[in-house]
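User: I am new to this structure and would like to go through its pockets and its ligand. Could you show it to me?

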Amino acid sequence: MPKTAIYPGSFDPITNGHIDIVKRSLSLFDKVIIAVNDNSLQKFLFTAKERVKMIKRALSFSNRVEVESFRGLLVSYAKAKEANFIIRGLRALSDFEYEFQMYLMNKKLNPEIEIIYFMTNQKYSYLSSSIIKEISRLGGTIENFVPEGVKKSLQEKFGKGFS
Ligand code: PNS
């Protein structure tokens with residue numbers, strides 16, 4: 001049976017740090033499903049459809065990657081996909097508390113699920129989708145931090161910046 005992992009997140013938008021985690025996870029799993037959070041209570045810059053499209057474009061190098069949006073509980077989604085593994089990235093100590101709580105709760109909800117954490121590549125340790133949006137909104141350079149398609153989409157949202 002192929003080993004499938006879910007990589008869930010908001011990906012608003014996807015960054016080179018996320019892509020690095022996907023690449024590394026492909027060395028451990030046969031298939032990685034990028035699950036884009038489409039929770040209607042949260043406010044995102046990009047719609048789920050836009051985020052899925054940007055991710056598909058950025059990850060077209062692998063036919064072992066699948067991208068789709070999901071609603072509801074992550075553990076239910078993972079079960080529906082017959083995936084026993086969830087992948088998350090950890091950048092700094094500040095990520096730990098939230099991730100640890102999420103880990104414990106997901107384990108309570110489904111003890112069979114294994115959640116695997118990838119330590120950030122040092123190169124991307126300072127990247128986050130929020131900081132990318134702020135830099136882009138204020139007209140800063142983001143091309144080393146996100147794929148080309150994401151850069152263009154951000155420019156379309158924010159124009160030349162300084163708003
Ligand atoms: O990139 P993010 O915003 O840190 O990702 C958070 C995400 C999508 C993984 C988390 O909010 C999630 O799993 N949402 C689905 C709803 C759910 O299962 N909540 C309980 C988590 S313990």
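Analyst: The turns below cover the pockets, the ligand and some backbone details; please note that this is a predicted model.

User: Thanks. How much space lies in the largest pocket?

Analyst: The largest pocket holds about 980 Å³ of space. Its lining is made of 37 residues, and those closest to the pocket centre are Pro8, Gly9, Ser10, Arg88 and Tyr98.

User: Which helices and strands supply at least two residues each of that lining?

Analyst: Two strands and three helices are on that list: β1 (4-9) and β4 (85-90), together with α1 (16-25), α4 (93-109) and α5 (129-137).

User: And which of them gives the largest share?

Analyst: That is α4, which contributes seven residues to the lining of the largest pocket.

User: What about the classes of residue in that lining?

Analyst: The lining of the largest pocket comprises 16 polar, 14 nonpolar and seven charged residues.

User: Now the ligand. Where does it sit?

Analyst: The ligand is placed in the largest pocket. It is surrounded by 13 residues, of which Ser10, Gly72, Leu73, Leu74 and Arg88 are the closest. Ser10 and Arg88 are also among the residues closest to the centre of the largest pocket.

User: Which side chains have an N or O atom or a polar atom placed against an oxygen of the ligand?

Analyst: The side chain of Ser10 has an N or O atom 2.6 Å from a ligand oxygen. For Arg88, a polar side-chain atom is 3.0 Å from an oxygen atom of the ligand.

User: What does the backbone of Leu74 do there?

Analyst: A backbone N or O atom of Leu74 is found 2.8 Å from a ligand oxygen. Taken on its own, the ligand has 540 Å² of accessible area, and the protein covers 76% of that.

User: Which elements supply at least two residues each of the shell around the ligand?

Analyst: These are β1 and α4. The most comes from α4, with four residues of the shell.

User: How does that shell divide by class?

Analyst: Seven residues of the shell around the ligand are nonpolar, five are polar and one is charged.

User: Changing topic: what lines the second largest pocket?

Analyst: The second largest pocket has about 250 Å³ of space. Its lining residues include Phe46, Met54, Arg57, Gly149, Ser153 and Lys157. Both α2 (48-58) and α6 (148-158) supply at least two residues of this lining.

User: How many of its lining residues are charged?

Analyst: Seven are charged, while two are nonpolar and two are polar. Among the residues of this lining are Lys49, Glu50, Lys53, Lys152 and Glu156.

User: Last topic, the backbone. What is notable about the bond from Asp12 to Pro13?

Analyst: This peptide bond is cis, with omega near 5°. Pro13 belongs to the loop between β1 and α1.

User: What is the phi of Phe11, and where is this residue found?

Analyst: Phe11 is not a glycine, yet its phi is positive, at about 50°. Phe11 is also found in the loop between β1 and α1.

User: Why remark on these two?

Analyst: They are worth a remark because most residues other than glycine have a negative phi, and most peptide bonds are trans.

Conventions: Residues are numbered from 1 along each chain as its sequence is written. This is a predicted model: local features need pLDDT of at least 70, side-chain atom pairs count only at pLDDT 80 or more; totals for chains, interfaces and linings use all residues. Side-chain values use heavy atoms; hydrogens and water are left out. On a 1 Å grid over the protein atoms alone, a cavity is a set of points where a 1.4 Å probe fits but cannot get out, and a pocket is an open set with protein on both sides within 12 Å along at least five of seven lines; lining residues have an atom within 4 Å of a point. Grid points are joined across faces, edges and corners, and a volume is the space filled by probe spheres set on the points. Ala, Val, Leu, Ile, Met, Phe, Trp, Tyr, Cys and Pro count as nonpolar, Asp, Glu, Lys and Arg as charged, and the others, Gly among them, as polar. A residue is near a molecule or strand if one of its heavy atoms lies within 4 Å of it. A polar contact is a pair of N or O atoms within 3.5 Å; within protein, one must be able to donate a hydrogen and the other to accept it, and residues adjacent in sequence count only if both atoms are side-chain atoms. Accessible areas come from the Shrake-Rupley method with a 1.4 Å probe; for residues, only the protein chains shown count as cover. A molecule sits in a cavity or pocket if more than half of its atoms lie within 2 Å of its grid points.
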